[in-house]
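Hello,

Here is the structure I promised to pass on to you. Have a look at it first, and then read on for what turned up in it.

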Amino acid sequence: MNLPSNFEDLIVEAEGLQLYKKLIIQLNKDLLYANIDLEFDEETLPTSLKLVFQETVFYLINSKFSDYLNLLYIVDVPEAKIKALDGSDVLKLSEDVTFIILQREWQKVWYKSKYS
């Protein structure tokens with residue numbers, strides 16, 4: 001599996017395989033497990049998903065860091081990917097982390113679809 005290299009590619013691939021709703025369901029499930037008070041409607045537009053989720057990640061990094069770390073753990077984001085990011089600009093960091101989380105969620109959905 002080749003992971004999409006940006007948000008737009010991820011959405012195009014998810015919609016092309018008709019798995020976008022499953023991506024949202026998976027994200028909602030992991031947000032619930034991480035005790036993050038956020039739930040997306042299955043009809044949420046990709047741009048809204050990105051914007052709202054990025055704002056949430058930004059808030060978690062700045063105000064609830066332990067919840068942020070818990071979310072990364074629940075989603076199963078590789079620690080090396082997070083450590084490789086530049087943390088000097090929190091807004092850019094939140095954007096990058098948002099994509100990495102969505103990328104990992106996409107991996108889960110894709111594998112479940114392919115092998116179930």
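Let me start with one helix, H4, and the side of it that faces out: the face turned away from its buried side carries the exposed residues Ser66 and Tyr73. Here exposed means over 50% relative accessible area, buried means under 20%, and partly exposed is in between, with a 1.4 Å probe and protein chains only. Helices are DSSP runs of H or I with at least four residues, strands are E runs of at least two, and both are numbered from the N terminus.

Before going further, a word on the source. This is a predicted model, in which local features need pLDDT of at least 70 and side-chain atom pairs count only at pLDDT 80 or more, while totals for chains, interfaces and linings use all residues. Residues are numbered from 1 along each chain as its sequence is written, and side-chain values use heavy atoms, with hydrogens and water left out.

Back to H4, then. Which residues of this helix, residues 65-75, are buried? They are Tyr68, Leu71, Leu72 and Val75. Seen down the helix axis, these buried residues fall within an arc of 100°, so they line one face of H4; the arc is that of the directions from the helix axis to the C-beta atoms. The general rule behind such a pattern is that an α-helix has 3.6 residues a turn, so residues three or four places apart point the same way. What covers the buried residues of H4 includes helix H2 (20-33), helix H3 (46-63), helix H5 (79-83) and helix H6 (90-115), where contact means heavy atoms within 4.5 Å.

Now for the whole chain. Its secondary structure comes to six helices and zero strands, and from the N terminus on the elements run α-α-α-α-α-α. The radius of gyration is 13 Å, close to the 13 Å that the globule rule gives for 116 residues, so the chain is as compact as a globular protein of that length. That radius is taken over C-alpha atoms, and the rule is 2.2 Å times the number of residues to the power 0.38. The C-alpha atoms fill a box of roughly 35 × 25 × 25 Å, taken along the principal axes. Buried residues make up 43% of the 116 residues. Of the contacts with a separation of 6 or more, 66% are between residues 24 or more positions apart.

A few single residues are worth finding in the viewer. Gln54 has its place in helix H3 and counts as buried, at 14% relative accessibility. Leaving aside neighbours within four places in sequence, Gln54 is in contact with Leu91, Ser94, Glu95 and Thr98.

Lys21 lies in helix H2 and is partly exposed, with a relative accessible area of 41%. With neighbours within four places again left aside, Lys21 is in contact with Glu42 and Glu43. The C-alpha atoms of Lys21 and Lys114, 93 residues apart along the chain, are separated by 16 Å.

Finally, look at two loop residues. Asn35, in the loop between H2 and H3, has a positive phi of about 60° although it is not a glycine, and Asn35 is exposed at 67% relative accessible area. Asp76, in the loop between H4 and H5, has a positive phi near 75° and is likewise a residue other than glycine. At 44% relative accessibility, Asp76 counts as partly exposed.

Enjoy exploring it!
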